[in-house]
Every structure is written in C-alpha cells, then in structure tokens.
There are 2 protein chains.
Amino acid sequence: MTDVKPSIEQVPGFRVAGVAAGLKKNNALDMTLIVSDAPCTAAGVFTTNHMKAAPVLFDMEQLQGNKNHIRAVTVNTKCANACTGEQGLANAREMARLTAEKIGIGADEVLVMSTGVIGSQLPMEKIAHGIELASGSLGGDWAAAAAGIMTTDTRPKEAYAQVTTASGATYHIAGIAKGAGMIAPNMATMLGVVVTDVSLPADTAKGLLQSASETTFNRVVVDGDMSTNDTLLLLANGVSGVTLQSPEEFTAFHEALTAVCRKLAQDIVRDGEGVTKFITLTVKGAPSPEAAHQIANTIATSPLVKTAFFGNDANWGRIVAAAGRAGINIVPEYVKLWITPGEIEAATDESLLLFTNGMPTAYSEEQATAIFKNASVSILLDCGAGLGSSTVWTCDLSHDYVSINGDYRS
Amino acid sequence: MTDVKPSIEQVPGFRVAGVAAGLKKNNALDMTLIVSDAPCTAAGVFTTNHMKAAPVLFDMEQLQGNKNHIRAVTVNTKCANACTGEQGLANAREMARLTAEKIGIGADEVLVMSTGVIGSQLPMEKIAHGIELASGSLGGDWAAAAAGIMTTDTRPKEAYAQVTTASGATYHIAGIAKGAGMIAPNMATMLGVVVTDVSLPADTAKGLLQSASETTFNRVVVDGDMSTNDTLLLLANGVSGVTLQSPEEFTAFHEALTAVCRKLAQDIVRDGEGVTKFITLTVKGAPSPEAAHQIANTIATSPLVKTAFFGNDANWGRIVAAAGRAGINIVPEYVKLWITPGEIEAATDESLLLFTNGMPTAYSEEQATAIFKNASVSILLDCGAGLGSSTVWTCDLSHDYVSINGDYRS
C-alpha cells in the first residue's frame, strides 16, 4: 500500500539542513545538505547539454567510481558553477571535500549540485561557511532543505511516499526539487534529489530512476530550454531493512518513485516563471509514442500557443498549426481536438470538441473561453493515425516570464 | 550592374492595386491584386506544414498544371482560409475565378494567397467586392499593394532591383512581403510575391527561388512558429525582352533576386511582433553548414536568450547553454563568442569577446551592455570544430509580443 503526501515527514537514516550562507540577499536559505547515516547506493540522471556544468561532470565521475557508498549531497544556489573551466571543477571537488571534512566521511562519498547564474566561479568562502552551518544543524527540517535549493522558484517543492509491503514492513521515499526556468523535455528538472530507506542495488536504482524521470521530469515543458546543470539524484540507504525481492515489490517501489517524481515535476510547471495556467496536453492516435511526444512537445514549446493560453484564448488554430509543423505526417481530416477543464488525459462529458474533419466545429466561443479561464486546462489532440500517445505538462507564456528573464541578472 | 532600392519604382508589364474590401476595420487596405499584361512563368515555395491552408493547396495544384501561363495573384488578409475543409478549397477556387472574370483571363491563370485567422471561411461577398475594386484600379501603386497584404505588420515591406546587363539592356525585380508572427526557419515568410520582367523558364525560376529563399526567408526567426499559409511566389513576364543566357547573366539575376528576398526577409524580422532589437547571429566552426544552422536556430528560438536580448543583457551563458543543447557535439573549450554592434557576420575591432576556453573572459559588463543597447547587435559563435557556418536574423521576445499574441483574436 502506498500513501503519497505533499510534504515530507521522515526518512529514517537521513538528516537534512537548509541554511543561509550569504549567497542570496536578505538572509534567505541558499544551501542545502542531505546526509545519510548509512552508506547509500546512488544513481543520477543528468542533462544531455554539451555544456555540462562542473558539478554535473563531478557527480558523473563520482558515481562511476563510487555508486555504492554515497553519504551526502551538498547543494548551493545563486551560482551554477557552469562554464567555469578547470577552476570550476576544482571548486566542485573542494565543495565535496569540505562537506566530507565537516561530517567526517570520505570526499568520494559526497555529491554536489549547483544552480544559478552561468559563468561565475563559486564564492568558496560563502560555500565553506554554508557547509559549516549546515553540518552543524542537520535534522528533520525537510521544508528548509527544499527551500535551500530554490532560485526563481516562488515556493519549495517536496513530495513524500510511504509504502507498506505485503509483509507489513514500511519504507519511505522523499524528494525535493527546484525548477522555474530553463525547463525542457530532455531531463526537465533543474535539480532534484530523491532519497529512500529501502535497500536497492545501484544499477537497479539507475534503471528505475531513468524510467521514472522519463514519464515525469522529461514530460514537463516551461520554456523548452535545457539547462547546463539539470541533475536528478536517487540515494537509497537501506535503513528500513526492506529489500525489494518480488516483482510486486519492485512494481510498488517503481510506482511510488514515479508518483514522487510526478508530484515534483508538476510542481515545477505550476511554479514555472510567470505561469498563470497549468496545461495537461495529451497527443494520441500518433504513429508511435515518439511521434506523439514530438507533436506534444512542438505544441508545448510554441510561443504562439503559449501566449494564446495566457490570453485565455481557445486558439485551436495555433495548436493544430503547431502539430502540423512537428515533422510527423498527419492528415488534417483525421485530427480531432478537445479541451476540458482540469487535469485529465482523455475526453469526458465536460470536454468541448473544437476541431474535426479538417475544420473547426460549431462550438460556442463563450463556452471555450470559459474552459480556458480555468487555472488548469486539458488539451487532447487525436491524430487518428495510430496507437502512439504522450502527455506533457506545460504552461502559458506571460508578461511575467518576459519580465523575470529580461531582468534576471540585474 | 545591379541597383537595389528600398521602394518599388516600376516593373514593365505588371499592374497592381491595394484596396479596402471591408475585411479590416476603418477602411484599411486589406486586399492586393497583381496582374501581368503578358503570361508569366511562375514558381512557388510553400510551407512544409502538414496543415496546409486551402490557397496553398490550390496554388501548388495550379502551378503543377499551368506554370508557364500565370497572369494574376490575388491576396486577402484577415482570413487565412486554413483548416476550412472542402468549402475552403471551393472558396480559393472561386477567388481565382472571380479574379479571372474581372480581368478577362482564364481561371487557371490566377494564383491566390490568404493570411489571417485560421479556421474561418472566407467572407466571399467582401472578397468579390475587393476583387472588383482592385481590378478597376490597377496601376503602379506598389506601396498600396504592399500595404494591402499586411496583418499585424506595422509597415509595408517592399524591395526593388534594377539590373543592367553587359549588352546594356535593363530588367527589374520587385517584391512585397508580409510577416510579423509565425515566422520560423522553414519557409519563413508569411506571404511574399516577387515579379520580374526578365524572361525565365519556369523550372529555372523554381530553382532560383528555392535557392534564394534558402539563404534569406529561411534564415529569419521571429518566434519559431511555421504557418499553415507560408507562400513565396515568383512571376516572370519577359516584357523587358531580356532572356538570361550566359552564366554571368544567371549569376547577376540570382544575386539580384537574393538581394530582394534578403531585404524583405530582414524587414520581416525588423517588424516582427513586439521586436525592439535586430540580431544578426552567425555560427561558424561547426562540423557542417547544417550543424551550424541547427545551433543558430536553437539559439534564435530560445525564449531565455530572446528575453535576455529584450533586457539588453549580454547573457552569453544562455547563448552557450542553448548551443550546448542543439544536439551537435561541441567541445566547450573550443567555443568562442563575440558580440559586435551593427549587422555583421564576423569579428571586428569593435567586437567584444565574451567567452573562450570554456569560460567567460574578463570583459567589461558595462561595455557589453553598451553594445546590447544598440538597435542592431551581431553575435558570432565559433565552435572551433569545422568549416560549417550559418547566419540567421532574429530578434528579442518582448512584452509586446505577449500582448499582441495573447489578444490576437479579440
């Protein structure tokens, strides 16, 4: 039995801290430390950007050498440590070494994450100060840990699942994430850490994490930009004593992990830069799932579609035009388009059919606008040409997005 | 010798009209008619969108059957006649038939173009009225013809070249275009018509038009959206008596045609929806021209890059991050990035090097911002990994873009 909750209660064997190291102004939380009392198996999913930030390169190397004995993750905001050359790599290493020193573990047992502006070197004095503060205040304050990794996020993102096995044992999965901008369909989270007290071989952890991120973090689109720093980590310390053994147990874990990742991924969209509307966009009837995803992604990244969402405009014309340029051979006469209030991946009694037989229906513009005025709107595009389907979660493009990003560095 | 001018003087044998048919409010010009006294060879380049509008399907068919005997082009605004099914195709045919009837030619000698909102049927009474008005006022008013095809454009776009051959003969090339939104790298113009009084075989016309559009219209990026209606037509009536014969003469024509198309394409960017800044973005040192174009296009369509342009922010971090996610294998340490005021495809004495050796240089932020405050800024990204290069013309993403497109249909 799985119980999913929006806020994290406890994950035995993990202690956390979110502190103000002086990276942000006004004494805001800006660094987070997660420590496991027992060694963890660990896995990571990283940005496929060719301009990988130093912490990404560092973690990839660290996990190659020591995926069965990770003890801590240190995260800083305000500075992405990206495009920082040899000095940046040295600083990422130093960030791990300082963490290890403060909590009395090996430097090869620490992973690091950075987020913020590209191209500045880490302010290592403040980083050292933050690590010292955090290592001295480790405890159960996951809300602070979630807050300590935020950049332009307006609220912390956390998710929590408690799973009870058939034999009555219990284990936990907790995750925190940050998003806001540079959110694209390839490894969409900016930063995310998921921890569990189940016992899990590192290679299994990697496979499950990849699969879970494929259907969650990789399905959210804020602006189509993919960051230099995107990282999702999974740490499993085995403290619960539960070792997954049967297919049923693996399935239950996979489902709970996916639920935690989905909650975090959707929160990233809901809190995207300048977002006023949450869109559940499903493309079905495509020649393949990949084709469906390509169409969904083309629609979700179209500035014309996204500004129409912002204007509460049921502009199906821009949606089908975007579908038409996705590079997939679709036949206009087979295409159907519905809108529905809420978050749903199918057509229901509440759905309004806007387009069929290559033309708009005689739908009521008033009714369409009423649906689009909801904070959550679902769009279903049926290509009528196969069994492939894909759902992405996306948002509108607003004045605030332009303001936030036209003025980010100042 | 080629003389390129911003406004059209005359092209012997062509008469035009721009009229107010009542499609737009306030008696604004909303339909354009171009008529040749002599039959023209004609060629077209069309949107690759799978949701092709009725006039696109009609013209493609018309040119297949009658590419050596075209006499007129009729254009309407406000209604794109896209996603309009059989009725839309019938209306496109009727628009051609009405034109033919009014000017006394065959219905198979007319091409039609439509631009505007997707999904409405053409208001055929107004269209008929406009054709009647236009056919009665044909003359040399190219400014009115350019104005009659505008939608959210703020100013008409025209270009003109006069070419004198080695033997002293003279011919002309004139073009009008409309753009503003839904401008993407695949067949970027919304609508464009180029006419010439040179004599040109239809197949040659097609090849030259494709080549010219490849390096002009297909290099402009406003928002990355590709329309259902994008059409570029070339009509050659041969009235000048000049028939291109030598390689030199073909080259001169090709260059003049490209110059006309480049002027129109750049005007489309300059007048893009909400544009405050004109960016000349060159990627060189890529493994191939296609790879260079893919990188340039990824940068030019990035909302984060475009909002930074709007904010006068020399945010090289977002530019190299976009380059890194373009799917081309680039090595950060080989990449160099310069910015230069004006419109230039190379680095000069005025250029500022922002990024090299995988890191930002110690450039002056004040100097970078000063360059970015120009109305025209050039960006040069050298991947250091080959001979492929590509230049695109693009713009910023502003509040006005969001306003215009959040509220287009109302």
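Copies here are superposed by least squares on the C-alpha atoms of residues with pLDDT of at least 70 in both. Keep that in mind for the first view, and remember throughout that this is a predicted model.

**View 1. Chain A turns onto chain B about a two-fold axis.** Take chain A, rotate it by 180° with 0.0 Å of shift along the axis, and it lands on chain B with an RMSD of 0.0 Å. That is the relation of a two-fold axis. Looking for a landmark in chain A? A:His399 has the C-alpha nearest the axis, 2.8 Å from it.

**View 2. Chains A and B in contact, with 48 residues from each.** On the chain A side, helix 8 (303-310), helix 9 (316-324), strand 14 (359-360) and helix 11 (399-406) each chip in at least two residues. Helix 9 of chain A gives the largest share of that side, 6 residues. By type, the chain A residues that touch chain B split into 22 polar, 20 nonpolar and 6 charged. The copies meet through the same surface, since 100% of the interface residues of chain A are also interface residues in chain B.

**View 3. The two domains of chain A.** The domain assignment puts residues 2-270 of chain A in domain 1 and residues 278-406 in domain 2. Taken over C-alpha atoms, the centres of these two domains of chain A are 33 Å apart.

**View 4. Helix 3 of chain A and its buried face.** Helix 3 of chain A runs over residues 124-135, 12 residues in total. From first C-alpha to last it reaches 16 Å, close to the 16 Å expected at 1.5 Å a residue. Its buried residues are A:Ile127, A:Gly130, A:Ile131, A:Ala134 and A:Ser135. Seen down the axis of helix 3 of chain A, they fall within an arc of 120°, so they line one face of the helix. Why might such spacing do that? In an α-helix there are 3.6 residues a turn, so residues three or four places apart point the same way. The buried residues of helix 3 pack against strand 2 (14-19), strand 3 (31-46), strand 4 (70-76) and helix 2 (85-103) of chain A.

**View 5. Helix 7 of chain B, mostly covered.** Over in chain B, helix 7 (residues 289-301) reaches 18 Å from its first C-alpha to its last, close to the 18 Å expected. Of its 13 residues, 11 are buried, among them B:His293, B:Gln294, B:Asn297 and B:Ile299. The buried residues of this helix pack against strand 9 (220-221), strand 11 (278-286), helix 8 (303-310), helix 9 (316-324) and strand 16 (388-395) of chain B.

Conventions:
Residues are numbered from 1 along each chain as its sequence is written. Chains are lettered from A and ligands numbered from 1 in the order in which they are written. This is a predicted model: local features need pLDDT of at least 70, side-chain atom pairs count only at pLDDT 80 or more; totals for chains, interfaces and linings use all residues. Helices (H or I, at least four residues) and strands (E, at least two) are DSSP runs, numbered from the N terminus. The expected span of a helix is 1.5 Å times one less than its number of residues. A residue is buried if 20 or more other C-beta atoms lie within 10 Å of its own, exposed if 12 or fewer, and partly exposed in between; C-beta atoms are placed from the backbone. The arc is that of the directions from the helix axis to the C-beta atoms. Two residues are in contact if their C-beta atoms, placed from the backbone, lie within 7 Å. Domain bounds come from an automatic or database domain assignment. Ala, Val, Leu, Ile, Met, Phe, Trp, Tyr, Cys and Pro count as nonpolar, Asp, Glu, Lys and Arg as charged, and the others, Gly among them, as polar.
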